[in-house]
Amino acid sequence: MTPLFDAHGELTHYIGVQEDVTHLRREQARVLRYQRQLQALAQRLIRTEAAERKKFAGEVHDQVGQTLALCRMQLAELTRELGGPAAPPALGAVCRLVESALQEARGLMAELSTPLLRELGLAAALQNLGEQLGPRYGLAVTVCVEIGRKPVGAEVAELVFRSARELVINVGKHAAAKAVELSLVREGGELVLSVRDDGRGFRTRRQVEPSDGGFGLLSIRERAGYHGGGLTVTSRLGKGTRVVLRLPLAAQRRRRVTGGGTEG
Ligand SMILES: Nc1ncnc2c1ncn2[C@@H]1O[C@H](COP(=O)(O)OP(=O)(O)OP(=O)(O)O)[C@@H](O)[C@H]1O
Ligand SMILES: [Mg+2]
């Protein structure tokens with residue numbers, strides 16, 4: 001409202017503009033509803049993916065893995081029957097193929113079900129991750145874990161492990177880095193995973209929308225939000241990248257409209 005005065009300073013009129021914002025409010029409500037639906041969908045996908053992963057790992061183990069193990073035993077038996085070293089060379093070649101298929105099946109099971117994590121615990125599994133991925137991507141990986149003795153819940157441990165793997169693989173795929181520092185610490189009531197590289201860096205705002213089909217960071221952020229935590233990506237061109245995942249240790253599973261920030 002704007003008051004209007006005459007030459008003597010007397011108030012004569014008010015000028016006002018009224019705008020009907022009902023449609024704007026409706027539109028905002030619609031966008032919010034859609035955002036919540038997308039979030040619910042993402043969370044359902046996360047749960048379905050975990051269940052499917054477990055199921056496939058079981059099938060690879062019980063069917064492919066067991067069949068291959070049986071083949072290996074029978075081939076060894078056959079080799080003995082055919083005179084050991086005197087057995088036809090083709091048999092030796094088949095044995096090696098079966099052995100490598102068995103290794104591949106084991107690798108696949110490890111990818112699907114993180115057995116190392118259950119066997120070794122989070123600290124040793126992260127060390128092992130560094131040892132596996134470093135040579136694969138030509139990176140010097142340093143791993144530092146200081147989380148004390150209190151046990152970490154299985155779901156949170158799995159999320160930390162899978163996120164660490166995705167983040168180190170990201171460095172290998174995108175950063176052209178020499179070194180990666182992976183650290184996991186307890187800070188107050190939170191578990192803090194940090195992955196820092198000395199690579200080429202990137203414009204973080206660009207990857208907020210996964211237009212190029214990249215879902216790694218988005219999926220970590222969504223999972224972190226589901227557990228009441230968040231993800232922060234800090235990167236500068238030519239100056240490397242640091243990704244920090246924070247997860248509350250006490251169960252705080254809840255839905256969030258935003259699951260952590262991205263800095264550029
Ligand atoms: N450490 C890094 N250094 C440089 N760029 C990075 C780094 N991490 C991520 N990026 C950039 O961010 C983008 C998004 O990463 P994100 O993990 O979400 O997807 P992606 O790795 O491309 O695909 P996906 O993870 O689905 O296989 C990458 O395509 C890359 O451009
Ligand atoms: Mg990725």
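This is a short dialogue on reading a predicted model of a protein chain with a ligand.

Reader: Where do I start? What elements make up the secondary structure of the protein chain?

Author: Start with a count. The protein chain has six helices and seven strands. Then read the order. From the N terminus, the elements run β-β-α-α-α-α-β-α-β-β-α-β-β.

Reader: Is the protein chain a compact globule, or more spread out?

Author: Compare its radius of gyration with the globule rule. For 264 residues the rule gives 18 Å, but the protein chain comes to 28 Å, well over that, so it is more spread out than a compact globule. The box tells you more. Along the principal axes, the C-alpha atoms fill roughly 120 × 40 × 35 Å. Buried residues make up 20% of the 264 residues.

Reader: Which domains does the domain assignment give?

Author: It gives two ranges. Domain 1 covers 23-113, and domain 2 covers 121-248. Their C-alpha centres lie 24 Å apart.

Reader: How do I read contacts along the sequence? What share of them join residues at least 24 apart?

Author: Set aside pairs that are close in sequence. Among contacts between residues at least 6 apart, 67% join residues at least 24 apart.

Reader: Now the strands at the N terminus. In which sense do β1 and β2 pair, parallel or antiparallel?

Author: Look at the bridges. Strand β1, residues 2-5, pairs with β2 in the antiparallel sense, over four bridges. Take one bridge as an example. F5 has L11 of β2 as its partner.

Reader: What lies between the two strands of that hairpin?

Author: Five residues do. One of them to check is G9, which takes a positive phi near 85 degrees.

Reader: Does β2 lie in the open or under cover?

Author: Count its buried residues. Strand β2 spans residues 11-15, and zero of those five are buried, so the strand lies largely in the open.

Reader: And for contrast, how many residues of α6 are buried?

Author: Eight of its eleven, so to speak of α6 as mostly covered is fair by the burial cut-off, 20 or more other C-beta atoms within 10 Å. The buried residues are L217, I220, R221, E222, R223, A224, G225 and Y226.

Reader: What covers the buried residues of α6?

Author: Several elements share the job. Among them are helices α1 (22-81) and α5, with strands β6 (230-235) and β7 (241-248). Just after α6 comes G228, with a positive phi of about 80 degrees.

Reader: Can we zoom in on one residue of α6? Is I220 buried or exposed?

Author: Count C-beta atoms around I220, which lies in helix α6. There are 25 others within 10 Å, so I220 is buried. Next, list its contacts. Leaving out residues up to four places away in sequence, I220 touches S163, E166, L231 and L245. Distance along the chain is a separate matter. I220 and L193 are 27 residues apart along the chain, and their C-alpha atoms are separated by 12 Å.

Reader: How does I169 count by burial?

Author: I169 lies in helix α5. Inside 10 Å it has 15 C-beta neighbours, so I169 counts as partly exposed. I169 and G134 are 35 residues apart in sequence, yet 9.4 Å apart in space, C-alpha to C-alpha.

Reader: Which residues surround ligand 1 most closely?

Author: The shell has 17 residues, and the closest are H174, A175, G214, G216 and L217. Now ask where the shell comes from. Helices α5 (154-175) and α6 (216-226) each supply at least two residues. The largest share, five residues, comes from α5. Finally, sort the shell by type. It divides into six nonpolar, seven polar and four charged residues.

Reader: One last feature. What should I expect of phi?

Author: Most residues other than glycine have a negative phi.

Reader: What is the phi of A176?

Author: It is near 50 degrees, a positive value in a residue other than glycine. A176 lies in the loop between α5 and β4 (179-187). With 12 other C-beta atoms within 10 Å, A176 is exposed.

Notes: Residues are numbered from 1 along each chain as its sequence is written. Chains are lettered from A and ligands numbered from 1 in the order in which they are written. This is a predicted model: local features need pLDDT of at least 70, side-chain atom pairs count only at pLDDT 80 or more; totals for chains, interfaces and linings use all residues. Domain bounds come from an automatic or database domain assignment. Two strands pair if DSSP finds at least two bridges between them. The radius of gyration is taken over C-alpha atoms; the globule rule is 2.2 Å times the number of residues to the power 0.38. Two residues are in contact if their C-beta atoms, placed from the backbone, lie within 7 Å. A residue is near a molecule or strand if its C-beta atom, placed from the backbone, lies within 6 Å of it. Ala, Val, Leu, Ile, Met, Phe, Trp, Tyr, Cys and Pro count as nonpolar, Asp, Glu, Lys and Arg as charged, and the others, Gly among them, as polar.
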